[in-house]
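Here are a few exercises to work through with the model open beside you. Take them in order, and try each one before you read its solution.

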Amino acid sequence: GRSPSGVVPFRVAKTLSCCLPHHRGPGRAYVIHRGDNPVDGPAARKAMRWRWPLTVLVVVVVAFAGLTAWLFVWPASATPERADAVVVFAGGRGERLRAATRLIRDGVAPTLVISNGWDPVWTDANRLCRGWSQATVLCPTPDPDTTEGEARMVAALAERSGWRSVVLVTSSYHVRRASWLVGRCYQGSVQTVAARPQPTLSLIAAIAHEWLGLPAALAGGQRC
């Protein structure tokens with residue numbers, strides 16, 4: 001029966017709720033049974049299965065992007081002190097030679113070495129190779145014409161000229177591999193300056209190339 005206040009006791013109301021139909025609509029209560037809960041339904045279980053793989057994928061992509069930026073986009077760049085020569089490795093889009101000539105004008109070194117400077121398509125380098133009043137300019141051709149060949153070339157020039165220190169200038173994406181290769185061939189001091197290239201589609205291709213080239217260089221060990 002009802003209580004004196006006219007309210008159905010809780011135990012009775014709970015018993016009746018299992019037997020009475022539940023209607024949707026304004027002003028009507030709707031009881032959700034466990035089997036009807038969308039959190040426990042098939043769609044929710046499917047979403048849960050995809051959550052971890054997607055989380056792992058996001059973490060991997062973020063880590064890869066961060067490592068790429070650290071290795072090839074913003075590597076450490078020296079503020080060079082006085083050296084015997086400034087060495088420019090071939091390649092890039094002009095940023096390497098601009099950075100090197102700026103260092104010469106700042107009085108960093110009396111000698112500028114332009115690797116492959118006589119390449120006919122590199123007209124700015126050709127002009128300097130013919131003579132420059134601000135420095136002695138050397139334009140040797142590496143053999144082979146690779147970064148490894150350039151590293152051996154630097155070591156040979158340094159030994160012949162008695163250089164104890166050089167400043168290496170190359171593009172930011174090339175700094176890691178070039179520094180490693182020069183360091184294992186040349187026993188003197190190497191200060192590496194990163195020349196920042198313009199952000200273009202060719203920069204993406206260059207970074208992809210370095211992702212392949214750097215592990216290969218490291219796998220070569222300490223031999224020059």
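**Exercise 1.** In what order do the elements of the protein chain run from the N terminus on?

*Solution.* Start at the N terminus of this predicted model and write down each element as you pass it. The order is α-α-β-α-β-α-β-α-β-α-β-α. As a check, the chain has 7 helices and 5 strands.

**Exercise 2.** What percentage of the residues of the protein chain count as buried? Then look at the contacts and the exposed area.

*Solution.* Step one: 37% of the 224 residues count as buried. Step two: take the contacts with a separation of 6 or more; residues 24 or more positions apart account for 73% of them. Step three: the chain exposes about 14300 Å², and 60% of that is supplied by carbon and sulfur atoms.

**Exercise 3.** Which residues of helix H3 are buried, and what covers them?

*Solution.* First find H3 at residues 95–105; it is mostly covered, with 8 of its 11 residues buried. These are Glu95, Arg96, Leu97, Ala99, Ala100, Thr101, Leu103 and Ile104. Next, look at what lies against them: the cover includes strands E1 (85–88), E2 (111–114), E4 (165–171) and E5 (189–195), along with helix H4 (123–129). Finally, step past the end of the helix: Gly107 follows H3 and has a positive phi, near 80 degrees.

**Exercise 4.** How do helices H5 and H6 cross, and which residues make the contact?

*Solution.* Begin with the axes. Those of H5 (residues 147–161) and H6 (residues 175–185) come within 8 Å and cross at roughly 40 degrees. That angle makes H5 oblique to H6, and the crossing is right-handed. On the H5 side, the contact is made by Thr147, Glu148, Ala151, Arg152, Val154 and Ala155; on the H6 side, by Arg177, Ala178, Leu181, Val182 and Cys185. Sorted by class, these residues give 7 nonpolar, 1 polar and 3 charged.

**Exercise 5.** Now repeat the analysis for H6 and H7. At roughly what angle do their axes cross?

*Solution.* The axes of H6 and H7 (residues 201–219) come within 9 Å and cross at roughly 25 degrees. Angles under 35 degrees count as roughly parallel, and H6 and H7 are therefore roughly parallel to each other. Their crossing is left-handed. In the contact, Arg176, Arg177, Trp180, Leu181 and Arg184 of H6 meet His209, Glu210, Gly213, Leu214, Ala217 and Leu218 of H7. By class, there are 5 nonpolar, 2 polar and 4 charged residues in this contact.

Methods. Residues numbered from 1 in each chain as written. Predicted model: local features only at pLDDT ≥ 70, side-chain atom pairs only at ≥ 80, totals over all residues. Heavy atoms only, no water. Axes fitted to C-alpha atoms, helices over the stretch in contact; angles between N-to-C directions. Helix = DSSP H or I, 4+ residues; strand = E, 2+ residues; numbered from the N terminus. Parallel < 35°, antiparallel > 145°, perpendicular 65-115°, else oblique. Left-handed = near helix turned anticlockwise from the far one by under 90°. Contact = heavy atoms within 4.5 Å. Nonpolar A, V, L, I, M, F, W, Y, C, P; charged D, E, K, R; others polar. Buried < 20%, exposed > 50% of the residue type's maximum accessible area, 1.4 Å probe, protein only. Areas by Shrake-Rupley, 256 points an atom, 1.4 Å probe, with all protein chains shown as cover.
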